[in-house]
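Subject: A structure for you to explore

Hi there,

Here is the structure I promised to pass on to you. Have a look at it first, and then read my notes below with the model open beside you.

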Amino acid sequence: MAANIPRIVPPFTQATAQQKSKAVQALWNTRDPQKVVQGSTPNSVWRNRTHFFSGHKSIVEFLQQKWAREQSYILRKEPFTFQDNKIALQFWYEYQDAQDAMKWKRCYGIEHWTFDPEGILEKRMMSGNDVLIGEDGNGEGRWFEGLNPDEVDGVVIPEGHY
């Protein structure tokens, strides 16, 4: 298990689902694929949008490609339900798209996680949609502008965006 993720095991409670989600949020905000993958089982199965893959090597490769494209990435995750060894959450992240003239974008998404008995991620299913932030992606209206990753939880997500 990654040193940055406290050992939180199923069955989850409201408090432990929140703790797990925030620990994973902090880990993802490092943008370090080697750290993130430590929270997954060796054969963990992931779906990210239209991509399906499994295993540490594939996860690391995916994350390297993701963060090469998604510059200035900053993420917030909020769980909305849990049961036994599963957590469902919504997330928002902002980034500059290196494949689209560095335009600012925000991804709105939903994730569903399944954990093994030791609290290690066995399955991650993600759906997300990107929208431009500001006129032509100029970044005007960014929620997380100028914030460090440990400050995103203080941002009030506007009504209609959650």
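Let me start with a small enclosed space: strand β3 gives the largest share of the lining of the second largest cavity, with three residues. Please keep in mind that this is a predicted model. Besides β3 (70-83), strands β4 and β6 (121-132) each bring at least two residues to that lining. If you want to find the spot on screen, select W28, K66, Y73, L75, K77, F91, Y93, E111, R124 and M126, which line the second largest cavity. Sorted by class, six of these lining residues are nonpolar and four are charged, with no polar ones. The space inside comes to about 40 Å³, and the structure has two cavities of 30 Å³ or more.

W28 is a good residue to follow from there. Leaving out residues up to four places away in sequence, W28 touches V36, W46, L63, K66, W67, Y73, L75 and R124. W28 also belongs to the largest nonpolar core, a group of 27 residues in which W28, W46 and L63 have the most contacts. Which elements each supply at least two residues of this core? They are the helices α1 (14-28), α2 (33-37) and α3, together with the strands β3, β4, β5 (103-115) and β6. Another core, of eight residues, lies apart from this one and includes W92, W143, V155 and I157.

Next, the open side of things. The largest pocket has a volume of about 280 Å³. Its lining is made of 13 residues, and H51, F62, K66, R69 and E70 are the ones nearest the centre. Helix α3 (56-69) gives the most to this lining, with four residues, and both α3 and β4 supply at least two. The lining of the largest pocket has five charged, five polar and three nonpolar residues. You may recognise K66, which also appeared in the lining of the second largest cavity.

Now for the strands. How many bridges join β1 to β2? There are four, and the two strands run antiparallel. Strand β1 covers residues 40-48 and β2 covers residues 51-54. Together they form a hairpin with two residues between them, and R49 in the turn has a positive phi of about 60 degrees. One bridge to look for is the one between W46 and its partner F53 in β2. On pairing with β6, strand β1 runs in the parallel sense over five bridges.

V45 is a nice place to see both pairings, since it lies in strand β1. V45 stands opposite K123 in β6. Outside its close sequence neighbours, within four places, V45 is in contact with F53, S54, E122, K123, R124 and M125. Is V45 buried, partly exposed or exposed? V45 counts as partly exposed because its relative accessibility is 38%. Try a distance as well: T30 is 15 residues from V45 along the chain, and their C-alpha atoms are 22 Å apart.

Finally, look at Q90 in strand β4 (residues 86-97). Q90 counts as buried because its relative accessibility is 19%, and the cut-off for buried is under 20%. Not counting residues up to four places away in sequence, Q90 touches R76, K77, E78, F80, G109, I110 and Y162.

Enjoy exploring, and write back with any questions!

Best wishes

Definitions and conventions: Residues numbered from 1 in each chain as written. Predicted model: local features only at pLDDT ≥ 70, side-chain atom pairs only at ≥ 80, totals over all residues. Heavy atoms only, no water. Buried < 20%, exposed > 50% of the residue type's maximum accessible area, 1.4 Å probe, protein only. Contact = heavy atoms within 4.5 Å. 1 Å grid on protein atoms, 1.4 Å probe; cavity = no way out; pocket = protein on both sides within 12 Å on 5 of 7 lines; lining within 4 Å. Points joined across faces, edges and corners; volume = space filled by probe spheres on them. Nonpolar A, V, L, I, M, F, W, Y, C, P; charged D, E, K, R; others polar. Pairing = 2+ DSSP bridges. Core = buried A, V, L, I, M, F, W, Y, C linked by side-chain atoms within 4.5 Å.
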